[in-house]
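Q: I would like to learn how to read strand pairing, ligand surroundings and unusual backbone angles from a model. Where do we begin?

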Amino acid sequence: MKCLVEVSNLFMRYHSLNGETDALVNVNFSVKKGEFFSIVGPSGCGKSTLLSLIAGLIIPSSGQVLIDGKPVLGTSEKVGYMLQKDYLFEWRNIFQNVLLGLEIRKKITEENKNYVLNLLDMYGLAEFKDKYPSQLSGGMRQRAALIRTLASKPEILLLDEAFSALDYQTRLSVADDIYSIIKRENKTAILVTHDIAESISLSDRVMVLSKRPGSVKSIHNIALSVDKKSTLSSREAPEFREYFNKIWKELDVYV
Amino acid sequence: MFNIKEPVVSGEHKEYLRKIKIRKLSILLTQIALLVLFFILWEVTARYKIIDPFITSQPSRIIRTLSNLYQEGHLFKHIGVTCGETVVGFLLGTLLGTIIAVILWWSDFLSKVMEPYLVVLNSLPKIALGPVFIVWIGAGPAAIIVIAMSISIVVTILEVLNGFLGVDKDKVKLVKTFGASKLQVLLKVILPSSMPVIVNALKVNVGLSWVGVIVGEFLVSRAGIGYLIVYGGQVFQLDLVMASVLILSLAAALMYQVVAYVERLIVKIK
Ligand SMILES: Nc1ncnc2c1ncn2[C@@H]1O[C@H](COP(=O)(O)OP(=O)(O)OP(=O)(O)O)[C@@H](O)[C@H]1O
Ligand SMILES: [Mg+2]
């Protein structure tokens with residue numbers, strides 16, 4: 001399979017009045033098309049920085065990110081970014097909220113609107129499209145945020161602890177939903193999470209970052225002997241515990 | 001579909017609601033009674049010369065003054081002038097203040113450069129500049145409006161800019177992931193998020209604008225309620241002064257209600 005995202009020799013240093021911070025040092029990895037790739041690492045090790053670099057929101061101090069073989073120089077439609085909170089705007093109704101990206105890119109066409117309406121319909125939000133965010137539950141809001149990201153038809157989805165603001169029950173079901181949506185729409189996903197179990201149950205591969213300055217500690221291929229992947233059934237696979245312990249230990253050494 | 005059910009109200013709850021209603025009503029009645037009592041006391045004590053109506057005036061004389069003013073056709077002219085100046089003053093103050101805040105938000109450099117000047121201007125009693133404006137602009141409504149505006153504009157700039165800078169960074173990050181330009185960040189996130197701050201500034205500015213306009217009319221002394229007050233004071237016609245103050249309180253209260261209503265409308269639209 002071809003590599004969709006290639007990160008090579010990435011180095012990121014922040015400058016501020018308090019001095020300079022090396023956030024990432026010599027990070028190398030690549031993600032294949034259609035892959036679900038997770039990143040775990042101690043807090044403050046540069047995970048969000050890494051996603052911002054892939055999204056083209058910030059420019060690396062050195063090294064580069066290639067998407068489809070082309071270096072990332074700024075934001076692109078190919079990449080969708082989901083943040084920890086849904087950040088639905090309370091002054092817009094759900095439909096206006098999910099159209100935000102298209103509106104900013106000046107791509108509101110009948111065709112795109114229908115595509116979005118279809119997404120809302122498919123993921124059970126059609127009847128809420130005229131409601132305001134405060135009228136929706138946490139899980140529905142996060143799904144609306146996903147549709148807002150999908151509306152611009154990105155190939156790659158970056159999820160920065162996208163489920164961690166939800167309570168445990170909702171978190172499991174939203175993670176499941178989003179997993180199946182991403183697979184059905186045949187997207188490539190890069191998920192940052194603190195939750196080792198979540199990363200194993202959702203991903204094809206899990207990358208462990210060292211503590212700051214973040215560098216790649218190891219990458220694990222996840223192969224679970226379950227028919228259908230879901231956050232709960234995956235956790236019952238016999239290999240699950242092995243992976244969990246392995247990754248947990250690697251994280252632990254550096255905490 | 002949702003079933004719209006008749007809410008079940010227990011007797012206990014009805015009793016609770018009734019009590020609250022009665023309490024509200026008795027508060028209102030007491031408020032009215034207090035006002036009526038005040039005016040009656042004023043009238044009676046003045047009539048029996050317990051207080052000197054020459055320096056305290058008295059309700060019946062105030063009413064006579066008002067009706068004279070009305071018959072001469074001056075009453076609504078003065079009210080109109082003052083209200084007009086006030087409205088233009090606070091609208092301009094809020095609008096220009098917001099525009100300047102946008103400019104300072106846009107350019108961090110400019111914002112840092114302006115910071116000490118704004119702090120000094122903010123602590124300066126703007127009324128002190130009144131005579132300067134009158135010399136520059138001429139003794140007329142324009143100078144009065146500028147005085148009113150100058151009182152509210154600096155606070156507005158500081159408040160609104162603070163509101164802009166307080167907008168959640170991740171909301172900005174979100175629209176940037178969609179490739180938003182700086183103008184789009186302003187229009188899609190910063191301004192709508194700061195709407196409550198701007199409307200609040202508007203409300204505060206109403207009060208400030210009244211102060212500016214009345215002082216302006218004191219200085220310019222051509223027309224308006226402030227002019228009536230100064231004139232009445234100079235010729236020792238306390239009836240005219242008191243009548244004007246009365247009108248002023250009514251007009252100010254009314255305008256505040258209108259702005260509060262507009263605020264509710266805007267909040268509802270959001
Ligand atoms: N704009 C910035 N300026 C200066 N330093 C920054 C900036 N953004 C992040 N940092 C620093 O870079 C390091 C990595 O930050 P980052 O947010 O990428 O970590 P993270 O792994 O996402 O952390 P968390 O697990 O808390 O989300 C941190 O030490 C942080 O303080
Ligand atoms: Mg982070």
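A: We begin with a definition: two strands pair if DSSP finds at least two bridges between them. The model here is a predicted one. In it, strand β3 (residues 36-40) of chain A and strand β9 (residues 205-209) of chain A are joined by four bridges, in the parallel sense. Within this pair, V40(A) stands opposite V208(A) of β9(A).

Q: In what order do the strands lie in the sheet that holds β3 and β9 of chain A?

A: The order is β6-β7-β8-β3-β9-β10 (chain A), an open sheet of six strands with mixed pairing. The edges are taken by β6 (79-82) and β10 (216-221) of chain A; each has a single partner strand, so one side of each lacks a neighbour in the sheet. From one strand to the next, the twist averages 15 degrees.

Q: Which strands does helix α6 of chain A touch when it packs on this sheet?

A: Helix α6 (residues 168-184) of chain A touches β3, β6, β7 (156-160) and β8 (188-192) of chain A. Its direction makes about 135 degrees with that of β3(A).

Q: What is the strand order in the sheet with four strands?

A: That sheet is also read from its pairings. Its order is β2-β1-β4-β5 (chain A), it is open, and the pairing is antiparallel. Here β2 (19-32) and β5 (70-71) of chain A stand at the edges with a single partner strand each, so one side of each is left without a neighbour in the sheet.

Q: How many bridges link β4(A) to β1(A), and how many link β4(A) to β5(A)?

A: β1(A) and β4(A) pair over five bridges in the antiparallel sense; one bridge partner there is V65(A), which faces V7(A). Strand β4 (residues 62-67) of chain A pairs with β5(A) over two bridges, again antiparallel. In that pairing L66(A) is opposite P71(A), and I67(A) is opposite K70(A).

Q: Which helix lies across β1, β2 and β4 of chain A?

A: α1(A) lies across these strands, and runs at about 65 degrees to β2(A).

Q: How should I read unusual backbone angles?

A: Start from the usual case: most residues other than glycine have a negative phi, and most peptide bonds are trans. Against that background, N9(A) has a positive phi of about 50 degrees although it is not a glycine. N9(A) belongs to strand β1 of chain A. D68(A) also takes a positive phi, near 55 degrees, in the hairpin of β4(A) and β5(A), where two residues lie between the strands.

Q: Which two residues are joined by a cis peptide bond?

A: R212(A) and P213(A) are joined by one, with omega about -5 degrees. P213(A) is placed in the loop between β9 and β10 of chain A.

Q: Which residues surround ligand 1?

A: A residue belongs to this shell if one of its heavy atoms lies within 4 Å of the ligand. The shell around ligand 1 includes Y14(A), A23(A), K47(A), E161(A), H194(A) and R212(A). By class, the shell has three nonpolar, six polar and three charged residues. Helix α1 (residues 47-55) of chain A gives the most to it, with three residues.

Q: At what distances do G44(A), C45(A) and S48(A) stand from an oxygen atom of ligand 1?

A: For G44(A), a backbone N or O atom is 2.9 Å from an oxygen atom of ligand 1. For C45(A), a backbone N or O atom lies 3.2 Å from a ligand 1 oxygen atom. With S48(A), a polar side-chain atom lies 2.7 Å from an oxygen atom of ligand 1. The protein covers 62% of the 640 Å² of accessible area that ligand 1 has on its own.

Notes:
Residues are numbered from 1 along each chain as its sequence is written. Chains are lettered from A and ligands numbered from 1 in the order in which they are written. This is a predicted model: local features need pLDDT of at least 70, side-chain atom pairs count only at pLDDT 80 or more; totals for chains, interfaces and linings use all residues. Side-chain values use heavy atoms; hydrogens and water are left out. A polar contact is a pair of N or O atoms within 3.5 Å; within protein, one must be able to donate a hydrogen and the other to accept it, and residues adjacent in sequence count only if both atoms are side-chain atoms. Accessible areas come from the Shrake-Rupley method with a 1.4 Å probe; for residues, only the protein chains shown count as cover. Ala, Val, Leu, Ile, Met, Phe, Trp, Tyr, Cys and Pro count as nonpolar, Asp, Glu, Lys and Arg as charged, and the others, Gly among them, as polar. Contact means heavy atoms within 4.5 Å. Axes are lines fitted to C-alpha atoms, for helices over the stretch in contact, and angles run from 0 to 180 degrees between N-to-C directions.
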